[in-house]
Amino acid sequence: MVEISSDVIRGYNDTMILFLLLREPSYGYELSKQIKTLSDGKYIIKETTLYSAFSRMEKNGYIESFESEASDTGKKRTYYRITDAGVRYYHEKCEEWQLTKEVVERFVLGEA
Amino acid sequence: MDAIKNYLDNMFANLPGTPSVLRAKSELGQMMEDKYTELIAEGKSENEAVGSVISEFGNLSELAEALGLEEEIKEQKAEENSNPGRILSTEEAAGYIRMRTKKALYTALGIALCVLSPICPIFLTEVGNNISDIFAPIGMFAIVMVGVGFIIYGSSLKRPWKYIHKEKCTLSMDTTKYVSDEQERFYGSYVAEMIAGIICCASSWMPAAVFDEFTAYGNVLGGSFFFLMVGIGVFLLIHSHIRRGAYRNLLKLNKAGTMKASYKAAEQGKESETMGETIGKEIEKSLDKKEEVKYISPVAEFIMDVYWPTVICLYLCSSFITFKWGLTWIIWPAAGILHRVFSRNLTE
């Protein structure tokens, strides 16, 4: 079975996380679960990957963290929310992907 | 869940305990716990859940940038590749602690015997005939020899363990925990022994003073009790100190500043201390201070090195020559004051 290339997907982890955060603030495991579900289980993001993305984007001001209690269990967790800069960055990344996809696709054979 | 916690502990064991590292660890732990809880809720077995959480964790080098630890993680990898060192197993650590416990007993016993040895001539000279006069020094010498034998045997015990320092051994997180827990358990008896030892030594002159006043055999009983008290005190102090060394030596193998080295502080962070712990820590602090002292010159260092043995010699000689045990104990408080004056003027 073909697996997703971690080199290629690395540049778009931020896009996936920001997409999910655009809908609502969320926390680590919830995000990784949603990425898995939305990709039909084809992409499972590793915890270390997720955390380093959080840390990098927080440093760049794309997301903010805050402590909050989970509605169901009342457990304290670190939540993340997207900032205005994060929204702009997300749209840039989307455009970048459109371009990348358009270019690469011209060199890819259709279904063999 | 413990397996996951251990995995994470081991992962972070050699990293420094900076706030960003602690935050990463707690958040990663949170994610793993969430995932684990959900897998269990889905009906997965414990093993399956732990397996998939760990396999989907990722690797540490990915975190390097997030933690601002590019250098450390690279260094750690390089070190692991070039010189893996030896990781002491928990059994080895337990063996080392057993050895130190045994060594503590023999060494303390040996030194205590040397301290007790003058009791022999004190009694024999009191008998006062020719034979006892001859046997007084012989008996004392014999006891000292036995004591020295114990000391030598005690120090020979550590020989098989030399590799611990030679081979760059380190402790795994599990072993660190084991040793820390053992140390915690040992702490109470350590403090008790220390306090009892100090009390014995500090009050050793008292029976001598009392006997001298009230009994006809004041010299004999006073002197004997003095050495007995000092002997017991010295035994307790040395015994507890050497045993304590086992735990300190083992824990010192962990590189300072890493999460392992600060395991207790990070893990428990407990504020309240019992009175015994406070006293124990004070004693330790004063012992540590002694190790760090720097003298102004080699001569000064020599003087301080021979200071207490000289005082003991002076005390024994003057006491045996004059046989005024009720008076000669004054040497001790005087020596104590003089020691303070010396150490203030001869250290940096």
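**Exercise 1. Determine how many helices and strands chain B has, and characterise the chain as a whole.**

Solution. Chain B contains 17 helices and 2 strands. The model from which these counts come is a predicted one. Next, consider burial: of the 348 residues in chain B, 29% are buried. Finally, consider the range of the contacts. Among those in chain B that link residues at least 6 apart in sequence, 77% join residues at least 24 apart.

**Exercise 2. Give the corresponding account of chain A, including the order of its helices and strands.**

Solution. The secondary structure of chain A consists of 5 helices and 3 strands. Along the sequence, these follow the pattern α-α-β-α-α-β-β-α. Buried residues account for 26% of the 112 residues of chain A. Of the contacts in chain A between residues at least 6 apart in sequence, 51% join residues at least 24 apart.

**Exercise 3. Describe the side of chain A that touches chain B, by element and by residue class.**

Solution. The contact draws 14 residues from chain A and 16 residues from chain B. On the side of chain A, at least two residues each are supplied by α3 (28–38), α4 (47–59) and β3 (76–82). The largest share, 7 residues, belongs to α4(A). Sorted by class, this side of chain A holds 3 nonpolar, 7 polar and 4 charged residues.

One residue of chain B illustrates the contact. B:Glu27 lies in helix α2 of chain B. B:Glu27 counts as buried because it has 20 C-beta neighbours inside 10 Å, and a residue needs 20 or more to be placed in that class. Apart from neighbours within four places in sequence, B:Glu27 is in contact with A:Gly28, A:Tyr51 and A:Thr78.

**Exercise 4. Identify the elements that build the largest nonpolar core.**

Solution. The largest nonpolar core has 39 residues, and those with the most contacts inside it are A:Tyr51, A:Phe54, A:Ile63, B:Ala24, B:Met32 and B:Leu67. Two or more residues are given to this core by each of α2 (13–23), α3, α4 and β3 of chain A, and by each of α1, α2, α3 and α4 (64–67) of chain B. The largest share, 6 residues, comes from α2(B). For a local view, take B:Leu67: with neighbours within four places in sequence left aside, B:Leu67 is in contact with B:Ser20, B:Val21 and B:Ala24. A second, separate core of 31 residues includes B:Cys114, B:Phe150, B:Val191 and B:Phe211.

**Exercise 5. Decide how the buried residues of α3(B) are arranged about the helix axis.**

Solution. Helix α3 (residues 46–55) of chain B has the buried residues B:Ala49, B:Val50 and B:Val53. Viewed down the axis of α3(B), these fall within an arc of 95 degrees, so they line one face of the helix. Among the elements covering them are α1 (2–12) and α2 (19–41) of chain B. On the face turned away from the buried side, α3(B) carries the exposed residues B:Asn47 and B:Ser55.

**Exercise 6. Establish the relative orientation of α7(B) and α8(B), and list the residues that make their contact.**

Solution. Helix α7 (residues 119–127) and helix α8 (residues 130–156) of chain B pack at an angle of about 175 degrees, their axes being 8 Å apart. Angles over 145 degrees count as roughly antiparallel. The two helices, α7(B) and α8(B), are therefore roughly antiparallel to each other. From α7(B), the contact uses B:Cys120, B:Pro121, B:Leu124, B:Thr125 and B:Val127. From α8(B), it uses B:Ser132, B:Asp133, B:Phe135, B:Ala136, B:Pro137, B:Gly139, B:Met140 and B:Ile143. By class, the contact of α7(B) with α8(B) comprises 9 nonpolar, 3 polar and 1 charged residues.

**Exercise 7. Describe the surroundings of B:Ile242.**

Solution. B:Ile242 is placed in helix α12 (residues 218–252) of chain B. With 19 other C-beta atoms within 10 Å, B:Ile242 is partly exposed. Not counting residues up to four places away in sequence, B:Ile242 touches B:Arg100, B:Lys103, B:Ala104, B:Thr107 and B:Ala108. B:Ile242 and B:Lys102 are 140 residues apart along the chain, and their C-alpha atoms are separated by 9.6 Å.

**Exercise 8. State what is notable about the phi angle of A:Asp40, and locate the residue.**

Solution. Most residues other than glycine have a negative phi. A:Asp40 is not a glycine, yet has a positive phi of about 55 degrees. A:Asp40 sits in the loop between α3 and α4 of chain A. A:Asp40 is exposed, with 7 other C-beta atoms within 10 Å.

Technical notes: Residues are numbered from 1 along each chain as its sequence is written. Chains are lettered from A and ligands numbered from 1 in the order in which they are written. This is a predicted model: local features need pLDDT of at least 70, side-chain atom pairs count only at pLDDT 80 or more; totals for chains, interfaces and linings use all residues. Two residues are in contact if their C-beta atoms, placed from the backbone, lie within 7 Å. Helices (H or I, at least four residues) and strands (E, at least two) are DSSP runs, numbered from the N terminus. Ala, Val, Leu, Ile, Met, Phe, Trp, Tyr, Cys and Pro count as nonpolar, Asp, Glu, Lys and Arg as charged, and the others, Gly among them, as polar. A residue is buried if 20 or more other C-beta atoms lie within 10 Å of its own, exposed if 12 or fewer, and partly exposed in between; C-beta atoms are placed from the backbone. The arc is that of the directions from the helix axis to the C-beta atoms. A nonpolar core is a set of buried Ala, Val, Leu, Ile, Met, Phe, Trp, Tyr and Cys residues joined through C-beta atoms within 7 Å. Axes are lines fitted to C-alpha atoms, for helices over the stretch in contact, and angles run from 0 to 180 degrees between N-to-C directions. Angles under 35 degrees count as roughly parallel, over 145 as roughly antiparallel, 65 to 115 as roughly perpendicular and the rest as oblique.
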